[in-house]
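Let's read through a structure together, one feature at a time. Have the picture open and follow along as the learner asks and the teacher answers.

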Amino acid sequence: MKQIRLLDLGNVSPLRSQTCYHAVAYAMKPDSPDTVILVNPARPYVCIGFHQDLEKEVDLDYCRESGFPVYRREVGGGAVYLDNNQVFVQWIFHPGSLPADLETRFRLYVKPLVETYRALDIPAYLRPVNDIHVDGKKIGGTGAAQIGEAEVLVGSLMFDFDKSKMARVLKVPSEKMRDKIFESLEQYMTTIKDQLGKIPDREKVKRLYAEKMAKTLNAEVIPGTWSEEEETMVQRIDKRFLSDEWLYRKGTLKQSGIKIHEDVKLLDSVYKAPGGLIRATVRLHDNRIDDVALSGDFTLLPGMALGGMEQALRGISMESETVREKIVESYHALRIQSPGVTPEDFSKAVMLAIEQEQGR
């Protein structure tokens, strides 16, 4: 039977919680074992994806004030706040040990996570390509990368998650956008604690995961230790991850908005109308407008009319004509007065945000 080395590293420094799997990957040789690492950071930190531009993604002043270190990983994806409430699950395998097709590879990786949640009476399921959901809420995402000669898959067991901190560490164009991020995380993200009302014994959950993983891979799981080469490698990677050259390297990822999960995204736009600046924060869910927040320095009467306009836009399609029609209807129904700002201006502000998602 195939053997998998399990490194249960427990609590480690924030830096080491990222560099450990990089070190195993870079140290991998033809005779190295396929390895699964279970690890969690002893303290909070922020981690950005390989392709991201740090200064565009993270509120660095807030992170410094809060004592949150920031690191760049070699796996893609977005910026994320992490702390001791997650147990990271990191696979470092030889390429021949995993399916060549990435989507099939994600299904294999996610299966024991899903089965662990289900064993805890949490009805989790794979939301293709690489999210884990419970009743439409995300309880975990996964990432993949080729590091050295190894294929790497990463994710976590989400015991709990500080959604307010996650919303706060991101660099966003407005506080209204930040409020919507937090509201969306509350609405579309969940955790073990949310589902069970308590946090179960962590060691028992890790043992349960190891059993599910062994069955999925039809392998014997053997507790292991670091090799000398891996220790040398991790110290080298620690230094690289702490360097400004690595952290501040310019990213190549060109994406707009904040992705809450595969079906939910927050977008923001600013539109200059003759009568003032309009900012639109738009949440899309399953290709429909799920929520809208409008603000700016325009004049609009009556005072409650803006909320009525926002309400009218919720749940509609993303078509520009539909958006315009709903705003015009609001103007008539609420007898809106807005000198220098027309229904077309509000419609253009909303569509400017949506067009980011549509790649226009």
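Q: Let me start with two helices. Which residues in α4 meet which residues in α8?
A: The idea is to list the residues on each side of the contact. This is a predicted model, and in it the α4 side consists of L108, K111, P112, L113, E115, T116 and A119. They meet V205, L208, Y209, K212, M213, T216 and L217 in α8. By type, the residues of this contact divide into 9 nonpolar, 2 polar and 3 charged.

Q: At what angle do the axes of α4 and α8 cross, and how close do they come?
A: Each helix is treated as a line, and the two lines are compared. Helix α4 covers residues 102-119 and helix α8 covers residues 202-217. Their axes come within 9 Å and cross at roughly 135°. That makes α4 oblique to α8, because the angle is neither over 145 degrees nor between 65 and 115. As for the hand, α4 and α8 make a right-handed crossing.

Q: Now another pair: how do α1 and α9 pack?
A: The reading goes by angle and distance again. Helix α1 (residues 14-26) packs with helix α9 (residues 228-242) at an angle of about 125°, and their axes are 8 Å apart. The two helices are therefore oblique to each other. The crossing of α1 past α9 is right-handed.

Q: Which residues of α1 and α9 meet in that contact?
A: On the α1 side you will find L15, R16, Q18, T19, C20, H22, A23, V24 and Y26. Facing them in α9 are E230, E231, M233, V234, I237, D238, R240, F241 and L242. Sorted by type, the contact of α1 with α9 has 10 nonpolar, 3 polar and 5 charged residues.

Q: Let us turn to sheets. In what order do the strands of the 6-stranded sheet lie?
A: To read a sheet, walk across it from strand to strand. This open sheet runs β10-β11-β6-β2-β1-β12, and its pairing is mixed. At the edges are β10 (143-147) and β12 (219-223), each of which pairs on one side only. From one strand to the next, the twist averages 25°.

Q: Can we zoom in on one pair of strands: how many bridges join β1 to β2, and do they run parallel or antiparallel?
A: Strand β1 (residues 2-12) and strand β2 (residues 35-41) run parallel and are joined by 7 bridges. To find your place in this pair, look for D8, which stands opposite L38 in β2.

Q: Which strands does α8 lie across?
A: A helix can be read against a sheet as well as against another helix. Here α8 lies across β1, β2, β6 (86-93), β11 (150-158) and β12. Its direction is at about 25° to β6.

Q: What is the strand order in the sheet of 3 strands?
A: This open sheet has the order β7-β8-β9, with antiparallel pairing. Its edge strands are β7 (124-127) and β9 (137-141), each pairing on one side only. The twist averages 35° from one strand to the next. Between β7 and strand β8 (residues 131-134) there are 4 bridges. Y125 stands opposite H133 in β8. Helix α4 lies across β7, β8 and β9, running at about 160° to β7.

Q: What should I look for along the backbone itself?
A: Look for exceptions: most residues other than glycine have a negative phi, and most peptide bonds are trans. Two cis bonds are worth finding here. The bond from P128 to V129 is cis, with omega near 15°, and V129 is in the loop between β7 and β8. The bond from L301 to P302 is also cis, with omega near -5°. P302 is found in the loop between β16 (288-296) and α11 (305-313).

Q: Where is D135, and is D135 buried or exposed?
A: D135 sits in the loop between β8 and β9. Although not a glycine, D135 has a positive phi of about 50°. D135 is exposed, because its relative accessible area is 63% and the cut-off is over 50%.

Q: And where does N218 lie?
A: N218 lies in the loop between α8 and β12. Phi of N218 is near 50°, a positive value in a residue other than glycine. At 55% relative accessibility, N218 counts as exposed.

Note on methods
Residues are numbered from 1 along each chain as its sequence is written. This is a predicted model: local features need pLDDT of at least 70, side-chain atom pairs count only at pLDDT 80 or more; totals for chains, interfaces and linings use all residues. Side-chain values use heavy atoms; hydrogens and water are left out. Axes are lines fitted to C-alpha atoms, for helices over the stretch in contact, and angles run from 0 to 180 degrees between N-to-C directions. Angles under 35 degrees count as roughly parallel, over 145 as roughly antiparallel, 65 to 115 as roughly perpendicular and the rest as oblique. A crossing is left-handed if the near helix is turned anticlockwise from the far one by less than a right angle, and right-handed if clockwise. Contact means heavy atoms within 4.5 Å. Ala, Val, Leu, Ile, Met, Phe, Trp, Tyr, Cys and Pro count as nonpolar, Asp, Glu, Lys and Arg as charged, and the others, Gly among them, as polar. Two strands pair if DSSP finds at least two bridges between them. Buried means under 20% relative accessible area, exposed over 50%, partly exposed in between (1.4 Å probe, protein chains only).
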